[in-house]
Amino acid sequence: METKIKNLDVDNIDRKFIKQAVDILQTGGTVVFPTETVYGLGANGLDSEAVKKIFQAKGRPSDNPLILHVHSIEQVEELVEHIPHIARLCMEKFWPGPLTIIFKKSSRVPYIITAGLDTVAIRMPRNNIALEIIKEANIPIAAPSANLSGRPSPTTAKHVIDDLVGKVDMIIDGGSTGVGIESTVLDLSGDIPMILRPGAVTKEDLKEIIFNIEVDSSIISSDENIIPKSPGQKYKHYAPNAEMIVFTGEINNIINTINKEIIEYRKKGKKTGIMCTDETKDYYKDVLSLSLGSRKRPETISHNLFNILRIMDEENVDIILAEGIEISNIGLAIMNRMMKASSGRVIRT
Ligand code: TXA
Ligand code: MG
């Protein structure tokens with residue numbers, strides 16, 4: 001299949017290309033577009049045949065449900081059984097933005113979207129290209145992250161092109177995404193409000209509205225017996241080709257342990273890559289070390305994380321030694337992605 005690739009300036013959107021994207025979506029095709037979190041691979045969320053193409057292009061297991069993207073709160077009404085009061089408050093406060101809410105679904109939502117579940121995930125992205133497309137198309141757009149299943153989510157059009165060129169109808173290049181990791185998934189369909197996937201809308205943010213919020217205990221656990229409540233979380237995710245180990249604990253201990261490991265892996269003839277931070281970069285010598293950003297600004301770390309995982313692959317490293325970061329606010333989401341990338345290999349120093 002031929003993939004059209006178009007550059008769009010988010011501050012000065014060329015309507016001609018929005019129209020082209022909408023035509024493709026309304027006739028059952030697939031369009032990749034930027035959101036504020038990661039790039040999404042979109043199709044008409046009410047058309048089962050169109051949605052099938054998403055699963056095919058990504059090589060995604062059919063038991064992993066998709067998120068429907070909307071441009072307004074009104075659009076949610078017809079997709080859900082009802083809107084709980086707390087969900088309305090969350091939508092008003094955090095939309096458009098990196099928060100996905102799970103509702104009981106209405107009969108309009110096809111089961112291919114929800115992977116057979118009676119609940120549906122919905123979000124309103126905070127990116128004008130995405131919002132214009134959804135508004136103009138006037139249909140909910142199903143869109144998982146636009147990567148091949150198992151690869152790190154794409155934060156630039158280059159990542160998308162590497163994974164999906166020839167497999168989708170159109171890719172819109174809208175520059176690098178801001179947040180860099182996927183949205184928070186919040187389940188409001190049951191009795192207990194629960195975070196199933198942490199993201200940039202943090203537990204601390206949500207607590208201001210939801211007093212009894214809980215976090216799925218599998219989120220940063222390496223215990224394989226704890227089964228995640230969100231189907232997507234059970235897969236080895238965000239995985240680089242290299243093996244990866246995450247080191248947690250006091251920062252000096254982390255640096256010392258990683259430096260010892262560098263020597264051990266060098267003896268074994270393995271190429272090592274270090275994922276460190278601005279504050280620690282100078283402590284690693286004669287080794288490929290890439291800074292995720294400053295520990296004082298964890299949002300820079302989430303912004304860079306997936307790009308650096310992909311660079312490690314391009315550099316053909318055998319083993320990635322990654323510094324852990326503090327598990328508060330967006331740090332929970334960052335550590336969740338690191339745990340997944342490392343298949344739960346965490347060493348406490
Ligand atoms: O930031 C994002 O959310 C991006 C952009 C493109 O919007 N999308 C994204 O989609 O990350 P995806 O498909 O890669 O991840 C969706 C996650 C999966 O972990 C999936 O299992 C979960 O949401 N999910 C979807 N529907 C669900 C449901 N009904 N119940 C529980 N989990 C659900
Ligand atoms: Mg994904």
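In this predicted model, Lys 270 sits in the loop that runs between H9 and strand E13, the latter covering residues 272–276. Lys 270 is partly exposed, with a relative accessible area of 40%. When neighbours within four places in sequence are set aside, the residues in contact with Lys 270 are Tyr 265, Asp 318 and Ile 319. For a sense of distance across the model, Lys 270 may be set against Gly 199, which is 71 residues away in sequence and lies 33 Å away in space, taken from C-alpha to C-alpha.

Helix H9, which spans residues 251–267, carries a pair of charged side chains that lead into the salt bridges. Lys 267 and Glu 264 meet there in a salt bridge, with 3.4 Å from N to O. Because these two residues are three places apart in helix H9, Lys 267 and Glu 264 are separated by about one helical turn. The partners differ in the class assigned to them, since Lys 267 is exposed at a relative accessible area of 65%, whereas Glu 264 counts as partly exposed at 38%.

Helix H7, residues 157–164, holds another such pair, in which Asp 162 and Lys 158 lie four residues apart and are therefore separated by about one helical turn. Asp 162 forms a salt bridge with Lys 158, and the closest N and O atoms of the pair are 2.9 Å apart. Asp 162 is partly exposed, with a relative accessible area of 47%, and Lys 158 is likewise partly exposed, with a value of 45%.

A further salt bridge joins Arg 297 to Glu 299, with the closest N and O atoms 3.5 Å apart. Here Arg 297 is partly exposed at a relative accessible area of 47%, and Glu 299 is partly exposed at 42%. Salt bridges also link several residues at once, as in the network formed by Arg 151, Asp 163, Arg 310 and Asp 313. With a side-chain nitrogen of Lys or Arg required to lie within 4 Å of a carboxyl oxygen of Asp or Glu, the count comes to 21 salt bridges.

From these charged pairs the description can pass to Ser 145, which lies in the loop between strand E7, residues 141–142, and H7. Ser 145 has a relative accessible area of 16% and is therefore classed as buried, the limit for that class being under 20% with protein chains only taken into account. The side chain of Ser 145 makes a polar contact with the side chain of Asn 147 at 2.6 Å, and another with the side chain of Ser 153 at 3.5 Å. Leaving aside neighbours within four places in sequence, Ser 145 is in contact with Val 38, Tyr 39, Leu 41, Lys 58, Ser 153 and Pro 154.

Ser 145 also takes part in the surroundings of ligand 1, as a polar atom of the Ser 145 side chain lies 3.0 Å from an oxygen atom of the ligand. Two arginine side chains approach the ligand in a comparable way: an N or O atom of Arg 60 is 2.8 Å from an oxygen atom of ligand 1, and an N or O atom of Arg 197 is 2.9 Å from an oxygen atom of ligand 1. Taken alone, ligand 1 exposes 680 Å², of which the protein buries 98%. Around the ligand there are 26 residues, and those that come nearest are Thr 37, Asn 64, His 69, Ser 183 and Gly 232.

What remains is the nonpolar interior. In soluble globular proteins, nonpolar side chains tend to be buried together. The largest nonpolar core of this model has 48 residues, and Trp 95, Phe 103 and Ile 122 have the most contacts inside it. At least two residues of this core come from each of strand E3 (40–44), helix H2 (48–58), helix H4 (85–94), strand E5 (99–104), strand E6 (119–123) and H7. H2 gives the most to this core, with five residues. Phe 103 touches, among residues over four places away in sequence, a set including Val 76, Val 80, Ile 83, Met 91, Val 120, Ile 122 and Ser 189. A second core of 24 residues, separate from the one just described, includes Met 244, Val 246, Ile 320 and Ala 333.

Note on methods. Residues numbered from 1 in each chain as written. Chains lettered and ligands numbered in written order. Predicted model: local features only at pLDDT ≥ 70, side-chain atom pairs only at ≥ 80, totals over all residues. Heavy atoms only, no water. Buried < 20%, exposed > 50% of the residue type's maximum accessible area, 1.4 Å probe, protein only. Contact = heavy atoms within 4.5 Å. Near = heavy atom within 4 Å. Polar contact = N/O pair within 3.5 Å; in protein donor to acceptor, adjacent residues only side chain to side chain. Areas by Shrake-Rupley, 256 points an atom, 1.4 Å probe, with all protein chains shown as cover. Core = buried A, V, L, I, M, F, W, Y, C linked by side-chain atoms within 4.5 Å.
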